[in-house]
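Welcome! Here are some exercises to work through with the structure beside you.

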Amino acid sequence: METLVARHSQFFSGIVPRSFASVAQGRRHARYVSRVRTKATSARSSLGNFAAVRQGFIDSVGNTPLIRLNKVSQATGCEIYGKAEFLNPGGSVKDRAALYIIKDAEERGLLRPGGVIVEGTAGNTGIGLALVANAKGYKTVIVIPDTQSQEKKDMLRIAGATLIEVPAVPYKNLNNYVKYSGRLAESIAKTHPGGAIWGNQFDNTANRKAHYETTGPEIWAQTGGKVDGFVCAIGTGGTLAGVGQYLKEKNPAVRIGMADPMGAAMYSYYATGVLQSSGSSISEGIGQGRVTANLQGWGVPTREGGSVDFWCQVSDEEALPLIYDLLKEEGLCMGGSTGINIGGAVKLAQELGPGHTIVTVLCDLGTRYQGKIFNVDFLKSKGLPYPQWMEAGYLNPRFCTKQQAGPGTPETATTGKLGLGNRNRKKDFSSSAFSVLELYFNLLN
């Protein structure tokens, strides 16, 4: 395109008309040449941006886009954006922490060529560490609770990590996956010639630094400094504290919010100062029972000198319909923690009122939890809602079984509890996003 435009530019520039009918004709000719040259410059700029090349995995971490979440934005009157962290090369927000943890170890001389990185993780940090390690020539040993999704375990093995599964026990237990991984790293470091480090993502503040130096500045720049609130759940606390610190330093009026799944203790801590939990959640990678080193300082409530001035709980019954709607209506297939995050953003929007800009995190893809949040039998066993289109047989009504309305049935799945409107519909071909396909299957049968 650029060559063609340049040729046209040269062609018209090189012609000296034998005679113009008027001076105006000459001016029109000059304006045309100018427009052609302008288009050539624009084409070069556009192609340059599109063709930007990143140097491998490491250079591809970060600079993820913001995506407007249309339905919740329209329902609340706010602009709610999701930071598309699932577009990181390792597929999750944890790529940022993984990269910074390894860089920090290198800078402190703790890792040598062929060294080993040991970490206790619910999955995504381990995946990020394994892939960064591959790019840098290290090995990884990952300790994971056996309750985590099979999809994440499979990905860790594909990435070449040595995977050790342990029973899921509380943090106070010496055999908790985090404590187990710390002892294992210490043992390997004594004998391995390349050295070994413990990633220690919960208390390694290189994690928080990653979000202070990258995620926070990206959000500020992408919103033109017009962000009114940021909300996310707590796993390690690195994202909340790092982004919270950066945004509060830029504008103390920005609201920093924490969304907690049921079963975690952080909502109670932020609300009352006491770590206490109740209930349960099927979400993975989030839900904390202690104040980690990453949270200390900027990640605690404002009454204790931190950045967090909004907190809420989001149940699975609230989060799951948001995930299903996002997939069916906006084409984004997200995991459970993203549902908690969006639920938190909705609740902050309801508190702030219409006209505000709120950012949350789209952590990872739902394909990493396919056997849980997209498994009707699993959801039924937990008494959790699911949409009609996930029923056995999917689009063919002949294979769908009729059930009474109640917890864990299709009839309750799309209602939700966040005040976003009742989406129950009659079985009408015109009412479904899949209406054409439904009609096609009915004609076949």
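**Exercise 1.** Work out which handedness the crossing of α9 and α10 has.

*Solution.* Step one: find helix α9 at residues 206-222 and helix α10 at residues 238-250 in this predicted model (helices are DSSP runs of H or I, at least four residues; strands are runs of E, at least two). Step two: look at the crossing of α9 and α10, which is right-handed (the near helix is turned clockwise from the far one by less than a right angle). Step three: α9 and α10 pack at an angle of about 50°, their axes 7 Å apart, and that makes α9 oblique to α10 (neither under 35 degrees, nor over 145, nor 65 to 115). Axes are lines fitted to C-alpha atoms, over the stretch in contact for helices, with angles from 0 to 180 degrees between N-to-C directions.

The model is predicted, so local features need pLDDT of at least 70 and side-chain atom pairs 80 or more, while totals for chains, interfaces and linings use all residues. Residues are numbered from 1 along each chain as its sequence is written, and side-chain values use heavy atoms, without hydrogens and water.

**Exercise 2.** Find which strands stand at the edges of the sheet.

*Solution.* Step one: trace the open sheet of six strands in the order β1-β2-β10-β7-β8-β9, with mixed pairing (pairing takes at least two DSSP bridges). Step two: β1 (66-68) and β9 (310-314) are at the edges; each has a single partner strand, so one side of each lacks a neighbour in the sheet. Step three: within the sheet, β7 (residues 229-232) and β8 (residues 255-261) run parallel, joined by four bridges. Glycine 229 has arginine 255 in β8 as its bridge partner.
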